[in-house]
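Here's a walk through one protein chain, helix by helix. Keep the 3D view open and follow along as we go.

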Amino acid sequence: MLWTRWLVLLLCWGATSTEHQAEQRDGAPAVVRQDSRRQRSPPPVEPLDFGFVPAAVYNTHAYHEQGPVGILFNIVHAFLYVVQPNSFPKDLIVKVIQQNMGGIKIEEWRKPDNVVLLLQWIYYESGFLICGTIGFLFVVLMPIIGMCFCVCRCCENCGGEMHQRQRKNADCQRGFYTASLVCTSVFIIVGVLIAYAANHNVTTKIKNTRRFINTNMRDLKTFANNTPAQIEYLTGQYTTAKHKVLSDLDNIGPLLGGRIQSQLEKEVVPSLDTALRMAGAMRETKEALENVSSSLEVLQEGTGKLQASLSGERASLSNTLSDPACTNGAVSHTCNTIRSTLSQLGINADYSQLADVSHALTNINVILKTDLSNIVQKGYSSFNDTPKLVKEQTKNIVSGVKSMLDKIGAEINSFAKMFPVEASLVNFTIFLNEGQKDIESYYPQIDQMDFYRWIGCVALLCTVVLVVAFNILGLLCGTCGYDKQATPTTRGCLSNTGGNLLMAGVGFSFIFAWALMGIVTALFVASGNAEKLICEPLANRQLFQIIDTPYLVHPAKKNFLPGMLFQNENIDLTLGSMYRDCFENNGLYHALQLETMFNINSFLNRTVYNKDLANVFESVKIDLRDITLLEQAGRDNLLNFANSGIGQIDYDAYLAEVNKGVTQVDLLSFSTDLEAQADQLPRGALENALKGHASSIRQIHREQVVPMEQAMSVMSQSIKQLKMTSNNLPVKVTNILSAIDAVEYLISHNASHVVKQETKGYTESLVGYFKQYTAWVKNSLTTEVAQCKPISNIVDSMEIVGCSFIVDSVNTFWFGLGGCCVLLIPSIIFSIKLAKYYRRMDTEDVFEDLGNTGNHGEHMCEIHGDLAVLRYDWRLCFLACCRVNWWRDHFQAA
């Protein structure tokens, strides 16, 4: 079949364009992991934007609103449920099909299994069988009863006798029969209208069927025209992943080298930072030594000057206290007190004994001629050149991978061109166009046949309408012509015509009712079973379960659909699953489970998932031995700094002298006390002299002591800094050099593990782009490429046309017509009964009063007529005589 070949070609090609996820997931080689605590999670793969697959817009909306006629359909469905309340006999149908797979043979039904199946089927169809039997009896008995009725009336029986007995409740009976016949006629008219609505609905919906055909054909063409572009878009998006991989390959230095550098910098940077801090410590040591040296000179020189100044001031103050005025009894105590404090005017610290730091300073100056900071910065720069080094050493590998990617793209394109998808789709489109033309060529014949059908159904309804017309005309004529004053033999022509019309309706009812019921019964059995056995299970998809039953078609063929499409019955593909996927508008590749026929995983493993890509990067060897973190000059510089002599300085002696005060007493306090004591003396030369000495002492403090204190502060800070720097300085330098040596050894000899680990992560990121591409292709094939909604739309459209348009309408037609046929029975009865009250009778009841004696037993009953004088049976005469008084009153009242 053309469509089968087209389908296989389409999905053969489409399947090759994708799907690798499952096999890649299942067949990926296991990687032996090291200690998880040492493993670094791979960097996240940057998501790629593949855009959107060109979407196909389908115009068919396989949904139908019944409108007002849907109420009638629901009523018929409820009636059918009452007739057939049993659930769908799926298992029974499967057994029947499997039992009669070789054809129905009469002798086979004698087997017990088949007898059981037959009984089960009869039980399921019991409702239809009972109703069908009733209909058959109606068809058989109606003409027989009609014939007997006619014969009896010809023999003046069954109401054929043209004589109407007078009844006391005659008016009530006539009213009851009239109302009953009116109601019956109304219900018959309703049934006719229901049947006509169903008949007209078929014609209307058949015209709507063309819309379904056109939209479904248009959707199939859209499917055929859009699928090549979708497949081309899938293959074209390989370049998106390829360009991203090429971009990462061009940036292999920053990416791979940066990852390697990031792993190694955890060890490298701290050691270089320590060396850089030691270079800063050298400069700080030089500054501290210079401060100590200059401060020591200032203190040694200031100590001499201060000693001389204080000695002179002490001698001068002693001379002043030798003044005769100090011998006065009131003043002598103050002078003696001042004289006792003169010994405090002296220096406290002696800096002349402190060792000079010039030797250490000279060594530091020599050491600082080598710029250790620059050397360390060179180590930083050498380590930061790792990405450049990686790029240079992987140049050949990158070029090889680029050529491999070009080869993969060429294989994908060449593989895609192996299948003549476009040519097949063009042929399919031509097939659709020709098929649509063939279908449209039948439209005039379909319209003509539908017109004949419509005329035939209207003709059937007209027979019912004819009966109703006779009933209505009979009622109108009889009611309008009825005269209470007229006796049965003197009724008017209009009244008699009404009665004759009613009897005509009865006659036509007997003529047409059985034929109509035969049609109703046939339609009921056929379309009712079609509703219960086809439409309902098709609506709830139970019909697919029967078709998809394994080994249903042939004992050796498990599944029907894959056997027809792929000649492989073992594929787990069912019509129900295919319909569900297409109803959800999934791709045809997923709906037909083409992965079982066209294994894309193997193709992707040969192309996109080429293991050579991983093998190429596994062979990457990056040599980092050219990285030099600290040159020999820097090492010598650090060792010289450790041996510079700052560790031999007696820092405790310095601190001991610095912590002493410059003078034995605070000169400012001494001068203040001296002035206070001078104020206790009488005003005069002695007071002024003492205050002059106090002013001189303040001047000595300001000019000599304060600079010395400042120099002592600077020396104290510098000495503390030097002491802290020199503390275990050789050990510190040794640790720095050992750390740098260890890192350099790590880079030179043991970096292969880091390189291998980061290369693996880099390779996984490259492969991750292809994983994204293949996953996107698989998802697109599943949900977006060759979306098979038109296939489910065809099934749904067939269900709408066959069930909603035709079966429901036919069921409603026989439901309305069948109701009319049933109502014809009471119509016949009421018409016959009512015709007696309207037709002109040949004879009538007459009663005469033979005397006024009141002896009613002697009355005589006679019947007068235009044709003959008949004697009643003695029983009737007796009853009439017993009621003579009632008859007299009745006729007098009339």
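Let's start with a pair of helices: helix 17 and helix 30 cross in a left-handed way. Before going further, bear in mind that what you're looking at is a predicted model.

Helix 17 covers residues 493-539, and helix 30 covers residues 789-835. Their axes come within 6 Å and cross at roughly 155°. Angles over 145 degrees count as roughly antiparallel, so helix 17 is roughly antiparallel to helix 30. If you sort the residues of this contact by class, you get 27 nonpolar, 7 polar and 3 charged.

**Two crossings of helix 9**

Now find helix 9, residues 252-321. We'll look at how helix 9 crosses helix 29 (residues 752-783) and how helix 9 crosses helix 13 (residues 386-393). Here are the three crossings side by side.

| Helix pair | Axes come within | Crossing angle |
|---|---|---|
| helix 17 and helix 30 | 6 Å | roughly 155° |
| helix 9 and helix 29 | 9 Å | roughly 140° |
| helix 9 and helix 13 | 7 Å | roughly 125° |

How do helix 9 and helix 29 lie relative to each other? They're oblique, because an angle that is neither under 35 degrees, nor over 145, nor 65 to 115 counts as oblique. The crossing of helix 9 with helix 29 is right-handed. On the helix 9 side, the residues that meet helix 29 include Ile252, Leu255, Leu256 and Arg259. Helix 29 brings, among others, Val754, Val755, Tyr762 and Ser765. By class, the residues of this contact divide into 8 nonpolar, 5 polar and 2 charged.

Helix 9 and helix 13 are oblique to each other too, and their crossing is right-handed. In helix 9, the residues Ile252, Gly253, Pro254, Leu256, Gly257, Gly258, Ile260 and Gln261 take part. They meet Thr386, Pro387, Val390 and Lys391 in helix 13. This contact has 6 nonpolar, 5 polar and 1 charged residues. Notice that Ile252 turns up in the contact with helix 29 and again in the contact with helix 13.

**A buried lysine in helix 17**

Go back to helix 17 and pick out Lys532. Is Lys532 buried or exposed? With a relative accessibility of 4%, Lys532 counts as buried, because the cut-off for that is under 20%. Where does the Lys532 side chain reach? It gets to the backbone oxygen of Gln84, at 3.2 Å. Beyond its neighbours within four places in sequence, Lys532 is also in contact with a set of residues including Leu80, Tyr81, Phe88, Tyr124 and Phe128.

**Helix 4 and what it packs on**

Phe88 comes up again with Ile93, which it contacts. Ile93 sits in helix 4, which runs over residues 90-99. The buried residues of this helix are Leu92, Ile93 and Val94, and they pack against helix 5 (112-124) and helix 18 (542-547). Ile93 has a relative accessibility of 16%, so it counts as buried. Leaving out neighbours within four places in sequence, Ile93 touches Phe88, Trp121 and Ile546. Ile93 and Ile546 are 453 residues apart along the chain, yet their C-alpha atoms are separated by 7.8 Å.

**Three loop residues**

Last stop: the loops. Arg541 lies in the loop between helix 17 and helix 18. What is odd about its backbone? Arg541 has a positive phi of about 65°, although it isn't a glycine. Arg541 is partly exposed, with a relative accessible area of 24%.

Ala786, in the loop between helix 29 and helix 30, has a positive phi as well, near 55°, and it is not a glycine either. Ala786 counts as buried, at 4% relative accessibility.

Glu631 is found in the loop between helix 23 (611-618) and helix 24 (632-642). Its relative accessible area is 33%, so Glu631 is partly exposed. Glu631 touches Ile375 and Lys378, not counting residues up to four places away in sequence. The C-alpha atoms of Glu631 and Gly379 are separated by 7.9 Å, with their positions 252 residues apart along the chain.

Key. Residues are numbered from 1 along each chain as its sequence is written. This is a predicted model: local features need pLDDT of at least 70, side-chain atom pairs count only at pLDDT 80 or more; totals for chains, interfaces and linings use all residues. Side-chain values use heavy atoms; hydrogens and water are left out. Axes are lines fitted to C-alpha atoms, for helices over the stretch in contact, and angles run from 0 to 180 degrees between N-to-C directions. Helices (H or I, at least four residues) and strands (E, at least two) are DSSP runs, numbered from the N terminus. A crossing is left-handed if the near helix is turned anticlockwise from the far one by less than a right angle, and right-handed if clockwise. Contact means heavy atoms within 4.5 Å. Ala, Val, Leu, Ile, Met, Phe, Trp, Tyr, Cys and Pro count as nonpolar, Asp, Glu, Lys and Arg as charged, and the others, Gly among them, as polar. Buried means under 20% relative accessible area, exposed over 50%, partly exposed in between (1.4 Å probe, protein chains only). A polar contact is a pair of N or O atoms within 3.5 Å; within protein, one must be able to donate a hydrogen and the other to accept it, and residues adjacent in sequence count only if both atoms are side-chain atoms.
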